Amino acid sequence: MSNFISYLTRNETERSKETFKSYIDEDEDNEKDDMKERASSFFQTDLSPRLLSGECKIAEADKTLSFSAFTDRKSGVSGKLFVTNFKVTFVTEDRSSYEGSNSRQRNLLMGDFDIPLTSIDTIYQEIDDDPSPKIISGGRRRKLSPGTTVSSYTKYIEIHCKNFNVHVFGLKFTPRDQNKMIVNTILHYAYPTKSSLLFAFYYGKEQQHFNFGSSVDTPLFDSPTDWEREINRCRCSNKWWVTDVNANYDMSTSLPERFVVPCGLLNFDLKKASTHFVDRRIPTWCYTHTNGVSLVRMANLLPQTDVATFEEREYTTKMLLTAVQMADNKGPPEIIDLNKSCPSLKDLQNSYEKLKELCLIDSEKDFLVQDINWMSSLENSKWLSLVSQCMAVSIETMDTIVNKQKTVVIKEFDSRNFACLVSSLSQILMDPNFRTQVGFQSLVQREWVMMGHPFQKHNNLIQQGNSERVPVFLLFLDCVWQLLQQFPSSFAFTETYLTSVWDSVQIGLFESFLFDSPHQRSRFNVDNRVMRQFRLPPVWSWNVQFSQDDQAVFNNPLYILKCKSQMNGPVKDTMSDKSSLNGSLTRNTSYVFKLGKYYDDINADIFSDEPSPILNPIIGESVIKLWSQCYLRWQTPAQIVGGGNPAQYFQQCIMMEEIIHLQHRLSSLNSKCHQRRPSSNLIFSSDKPKDQHDNMLDSTYLTSSFPFSSGPRAQNKPSLIFTPISVYLQNSAIDNDYRDSED
């Protein structure tokens, strides 16, 4: 006899040798026949998932339960589980997962019950009644290996995702034939062995009529124009030029067809020299600072085999470095060997596995056990140490270029991993342009996507032997997040934007993060059967994933607020008032005194018209923090209900709207004519109707995990008070109507 779990009633009754149990209060004397009829109708509803272009259903399982996290599998929602060629999706019997329901779907490509196949990390099967998800002995819970076939009957299937989310489905009452079919289908399609099996291949062919590139402001650097525009922006076009030596990828399959090299080198010289470098990756330009000093990246030289080769190799190295030196005219370049100064890929892999074990938790019991040793476990993972180490190398690179005014050549084995990280992070430290959203996207596109970082390999999008995940790109985003915490007004984007970028890596639909090189992308984008080309959307086409309202959460209100125009006046007044206090301190004068004293102790240049050109972060252990929004957003006990960074963010939005409103009122009064109120382009911008804000936020709870997780369900944690954002802001200034009609 088995227990059938639903949420219709709390009564138990025998039905076809099965026990029906549920979780909504009803009197025990309700008619059993009525209960059976209602339960039967729940499981006989014809349900179907929402499909994208090129997506098709492969397998389905009836009478499935989806369990909420941290409920020990005692709170389940009944529905139907599907597997398509894109995702594992659960459709609830009450149709709450459908479009048009009260719950709002944030991502336009997938909902809360959708799991992209490319985002699946590991799959566990449980075949007994033991409720503990950690018991492995006796074959009760086991990890399913890619390429295997399941023959046993599965009662629970547990899916661990690459974004640290955990999904648990109960298949206890699923028909036996569907039970085995659904598990084997997930196991087969979650681990493809070649690129042509990815859903992106079919999605791209269906979308070939749409030119995604034309809808993106970010340069994709797939044409010489984008490269020329960048060297013109850096004012070094007279020293560096865009070469086509790798046209049709004749020289190297990991470099783009076009890149930038010193003007003193011809294509013949480049092609001849390339034979001495790993993967033929010769020194290439990254950036030129305003002082005329450049940043260059290169791969290791191949080991010599004989005297002639050694002499030729030495000549080649000297020729290339001399050309770099002549381009900048700043003396011999400084070579920073990332093979020695950065962690190894193996160290990063081991650290990530420990971090994943710390953050991938679905049981409250395991959370409490982990919580006791949380700080020591985090320290043992050495993840924060790796973040600090990479930031230190980037700071050294920036300091050598800016202060020592020496050209830097960063060298790595194949110049495709930490060379991407260090070059990108050091450019963010040096150039405010890369702290804007478009500038940051162009940097990632140029230094990571086009320069051949192996996204597909390091994120295990394709099964290649016993390869493990090596999230170099996640480490980079974490470093940027650390800068965002130390310089909150220097970046135009928010941490939600950075987390969304990382999530997009796992979706497997965007050409930006799907391939190991531009060459691989060019081969993928051709349907060999009919010889027609197609193109996948770049991830920077955010309209594919998010509405304009959701993209507004990417914008940082502190960046919009220009420090000098808002703060210089009050600070000057404070400095003059401080001298006339005469020892009499009221509450207001005490504040003035403290404010003035504070600004006596800091650099007066903090208030400038433009963002600070150079960032000098601190990398001490007390400053480097865990990126909780990215790593802990799915852990219910770790969420701060009604608080965390999102609470600060919304108050900053409120402040920004009030400042814009007051400035607009002053401007209108001075000019004595009606002027259109400028928009802040924030999530609560006044040019949107107030009821639109309420509709967007009504079904969402404000927690430290907003907007990715709506927090624990109230019925799971009745002792907690959950505050919807609409209620949270009910008495705040944002409820004021700041539209032009009031002016």
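**Close-up 1. Strand 5 and its two partners, with lysine 80 of strand 5 bridged to valine 91 of strand 6.** The model shown is predicted. Strand 5 and strand 6 (residues 87–92) are antiparallel and share five bridges. The two form a hairpin, with two residues between them. Strand 4 (residues 57–67) also runs antiparallel to strand 5, and eight bridges join this pair. Here phenylalanine 67 is placed opposite glycine 76 of strand 5. Strand 5 (residues 76–84) is largely enclosed by the rest of the structure, because nine of its nine residues are buried.

**Close-up 2. The open sheet of eight strands.** The strand order is 7-6-5-4-11-10-8-9, and the pairing is antiparallel. Strand 7 (114–116) and strand 9 (141–144) are the edge strands, each pairing on one side only. From one strand to the next, the twist averages 30°. Within this order, strand 10 (residues 156–161) and strand 11 (residues 166–170) form an antiparallel pair with five bridges. Tyrosine 156 faces glycine 170, a residue of strand 11.

**Close-up 3. Strand 17 and its parallel partners.** Strand 15 (residues 294–299) runs parallel to strand 17, and the pair has five bridges. One bridge links valine 296 to valine 409 in strand 17. Strand 16 (residues 334–337) is also parallel to strand 17 and is joined to it by four bridges. Isoleucine 336 has isoleucine 410 of strand 17 as its bridge partner. Four of the five residues of strand 17 (residues 408–412) are buried, so this strand is largely enclosed by the rest of the structure.

**Close-up 4. Threonine 397 in helix 11.** Helix 11 spans residues 383–402. Threonine 397 counts as buried because its relative accessibility is 0%, and the cut-off for buried is under 20%. Leaving out residues up to four places away in sequence, threonine 397 touches Leu295, Ile336, Val408, Ile410, Val422 and Ser426. Of these, Ile336 and Ile410 are the bridge partners already named for strand 17.

**Close-up 5. The nonpolar cores.** In soluble globular proteins, nonpolar side chains tend to be buried together. The largest nonpolar core here has 136 residues, and Phe473, Phe476 and Tyr631 touch the most other members. Apart from neighbours within four places in sequence, phenylalanine 476 is in contact with Leu421, Ser424, Leu425, Ile428, Phe440, Val444 and Trp448. A second core, separate from this one, has 24 residues, among them Val83, Ile115, Ile120 and Val183.

**Close-up 6. Two residues with positive phi that are not glycine.** Phenylalanine 221 has a phi of about 55°. This residue is in the loop between helix 3 (199–206) and helix 4 (224–233). With 2% relative accessibility, phenylalanine 221 counts as buried. Arginine 235 has a phi near 55° and is in the loop between helix 4 and strand 12 (240–243). Arginine 235 counts as exposed, because its relative accessibility is 75%, and the cut-off for exposed is over 50%.

**Close-up 7. The cis peptide bond before proline 707.** The bond runs from phenylalanine 706 to proline 707, and its omega is near 5°. Proline 707 is part of the loop between helix 24 (690–697) and helix 25 (725–728).

Notes:
Residues numbered from 1 in each chain as written. Predicted model: local features only at pLDDT ≥ 70, side-chain atom pairs only at ≥ 80, totals over all residues. Heavy atoms only, no water. Pairing = 2+ DSSP bridges. Axes fitted to C-alpha atoms, helices over the stretch in contact; angles between N-to-C directions. Core = buried A, V, L, I, M, F, W, Y, C linked by side-chain atoms within 4.5 Å. Buried < 20%, exposed > 50% of the residue type's maximum accessible area, 1.4 Å probe, protein only. Contact = heavy atoms within 4.5 Å.
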